[in-house]
Amino acid sequence: MRWIRWARRTGQPPRPGKPGEVEPAARDVPSRAVVEALVRETAPAMLRVVRRVLGPSHPDVDDVFQEAAAAFARAVVRFRGESSIVHFACRVALLTALAARRRNRSIPAASSRDRVALEDAAGLTDAQASPYEALLAERRREVLRRLLDELPSAQAEALALHCMEGLMLEEIAAASGCSINTVKSRLRLAKRALREAFAANGHNLTTWTEEG
Amino acid sequence: MAFTTSPCPDDLNALVSRGTQLSDLQRQRLATHLRSCAECAVTALAIGDFHAIGRPEPDDAQRMARAIRAALRRERTGRRWLVAAAASLVLVCAGAAVARILYHGPVAPRSRTQLGRAAAVPPSSPTSASPPPKPLVREPPPAQPKRHPQTQTAAKAIAFVPLGTKAAPTDELPRSHPAEPASAAVSPASLLRQAAQARAAGDLIRAIAILERLEREYPSSAEATAAWVSLGRLRLTSGALPLAGAAFARYLSIAPDGALAEDALEGAAETRQRLGAGAEERALRAELLRRFPSSPYAARSRERLRELAR
C-alpha cells in the first residue's frame with residue numbers, strides 16, 4: 001500500500017531521490033480500494049476548500065464536494081507525485097468549486113448573499129474578533145470570491161491556493177505543474193486585482209496589524 | 001519547509017497563516033514589507049480572513065461519508081456508461097452492416113482475391129503478344145468498377161499523354177475497330193479465347209476488336225482487367241501507340257499491384273520509348289526496377305536507363 005503511505009506524507013512536496021522515501025511508480029495505478037482510501041483521507045481538506053470557495057453556508061457545498069470527490073477519484077490515477085496528495089486533492093476541489101461558482105454565477109442575489117455573509121460572520125469567525133470585525137472579514141472574503149469569478153483561471157487558481165489554503169509559492173508551482181516564476185507572475189497580477197477590488201469596495205487596509 | 005534562501009513575503013504570509021513561529025528577523029522583515037506594499041498587505045488580510053473559516057463541523061463525518069459513497073458510485077457508473085456506450089456503438093454498426101447485406105445482397109467489390117484471379121490469366125509475353133485463353137467463371141458485373149484512391153493517384157502519375165496530341169480519357173477509349181456483333185451466350189472467358197485465336201491467326205485488328213468488346217461489356221470482370229495488358233500489347237504491335245499507352249495506364253489504375261503490373265509497366269515504358277518521351281520512360285523504368293528488381297524486364301530496363309543517362 002505504497003499509495004496510502006504516500007498519501008499520509010502530507011504537508012510538504014516530495015523530494016525525489018531522497019533516501020528512504022518511497023515514490024509511487026509511474027505505472028503504479030492504484031486499485032479501487034486504494035482510490036477509496038485516498039478519497040476518504042483527503043476528504044476533510046477537500047471539504048474545507050469547497051467551504052472556503054463557496055462560503056460555509058452555501059447550499060451547494062455538499063453537491064460540489066461530492067463532485068470534487070468524484071473528480072479526485074478519476075484524477076488520482078494520473079497523479080505522479082509532483083506535489084503532496086493533499087495539495088493535489090485541494091487543487092481538484094478548488095477547480096471544481098471555482099467551476100461551480102462560475103457555472104452558477106447568476107444564482108446568488110445580492111440580498112440573500114448579504115444575509116449569508118452576516119450569518120457566516122456571526123457564527124464562524126474567530127471568537128476573539130468583534131462582530132464588526134467578523135462582518136468586515138466576511139465582506140472581504142466575499143470580495144475575493146467574486147474576484148475569483150472574474151480573474152483568468154490560472155490567476156484565480158494561484159490566488160485561491162495562496163489566500164484560501166495558505167500554500168507557498170513552491171507548493172503552488174508543484175500542485176499546478178508550472179514553474180515558480182510563473183506562479184509569481186500570476187500571483188502578482190492577481191494581488192494587484194485584489195487590492196483594486198478591496199479599494200473599490202471601500203475596505204480600509206490600515207486594519208492590518210503586525211499580529212495579523 | 002526548509003528554505004535555502006530567505007523566504008519571500010508571500011511565503012512568510014503563508015507561514016503565518018499556518019501558525020508557524022517566525023524568527024524576529026523574519027517578523028521584522030515581513031512587517032516592514034507589508035507597511036510599504038499594499039498588495040501584500042491585502043493578501044495578508046485575505047489569508048487571515050480565510051484561515052478563520054472552514055473548520056470542521058460536528059456532522060462532517062456523516063456528510064463526508066455520504067458524499068464519498070455517492071461520488072464513488074457516480075465515478076463507477078460513469079465508467080460503466082462509457083463501456084455500455086462503446087458496446088452499443090459496436091452493436092449498431094454490426095446491425096447496420098447486417099441490414100445492408102440483407103437488403104442489398106453481398107457487395108462484390110474488386111478485391112485482392114479477384115485481382116489474383118485476374119493474375120491467373122496468363123500474361124502476354126513481352127516477345128509474343130498472344131494471351132493463351134483460360135476458362136474463367138463469369139461474374140455478375142457491378143455497375144462501376146471500384147477504384148482505390150491510391151490507384152487513382154498512381155494512374156494519374158503514369159497517365160499516358162501522347163506527345164503533341166490531346167490524350168483520350170482512359171474511361172472512354174476511342175473505338176479503333178468496330179465491335180463484334182453482340183451474342184447472348186458469349187462469356188468473358190470465351191471472348192478472351194476468341195481474341196487469342198484471332199491473334200494466333202495473325203488478325204490483330206480482330207483480336208483488338210474482341211478485347212475492346214470484352215472491356216465494354218464486362219468492364220468489371222477479372223478477364224477484362226487482365227485484357228487491358230493484352231490490348232495494350234496488341235495496340236503497341238499494331239502501331240496505335242497512344243491507345244496502347246492508355247490501355248497500360250488503365251490496367252495500372254485498376255490493379256496497381258496486380259499480377260501483370262510489371263508487364264503493364266514494361267509496356268507503358270516501351271510505348272514512351274517509341275514515342276520518344278525519354279523522361280516519362282525513365283520514370284517508368286525506374287519504377288519497374290524499384291518494384292520488381294528481379295523481373296525479366298529488369299535487365300532491359302537497366303540498359304535503357306543507361307542509354308537514357310548518356
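**Helix H3 of chain B and the cores**

Colleague: How many of the 14 residues of H3(B) are buried?

Modeller: 11 of them, so to speak of H3(B) as mostly covered is fair by the definition of buried (under 20% relative accessible area, 1.4 Å probe, protein chains only). Helices here are DSSP runs of H or I, at least four residues, numbered from the N terminus. This is a predicted model, with local features needing pLDDT of at least 70, side-chain atom pairs pLDDT 80 or more, and totals for chains, interfaces and linings using all residues. Residues count from 1 along each chain, chains are lettered from A and ligands numbered from 1, as written, and side-chain values use heavy atoms without hydrogens or water.

Colleague: Which residues of H3(B) are buried?

Modeller: Among them are Glu39(B), Cys40(B), Asp49(B) and Phe50(B).

Colleague: What covers them?

Modeller: The cover includes H2, H6 (131-150), H7 (153-163) and H9 of chain A, along with H1 (9-17) and H2 (24-36) of chain B.

Colleague: What span should H3(B) have?

Modeller: At 1.5 Å a residue, residues 38-51 should span 20 Å, and the end C-alpha atoms are 20 Å apart, which agrees. The expected span is 1.5 Å times one less than the number of residues.

Colleague: New topic. Which residues touch the most other members of the largest nonpolar core?

Modeller: Phe72(A) and Leu159(A), out of 69 residues. Helix H2 (residues 32-54) of chain A gives the largest share, 12 residues. Such a core joins buried Ala, Val, Leu, Ile, Met, Phe, Trp, Tyr and Cys through side-chain atoms within 4.5 Å.

Colleague: What does Phe72(A) touch?

Modeller: Beyond four places away in sequence, its partners include Leu38(A), Met46(A), Ile85(A) and Phe88(A), with contact meaning heavy atoms within 4.5 Å.

Terms used: Buried < 20%, exposed > 50% of the residue type's maximum accessible area, 1.4 Å probe, protein only. Helix = DSSP H or I, 4+ residues; strand = E, 2+ residues; numbered from the N terminus.
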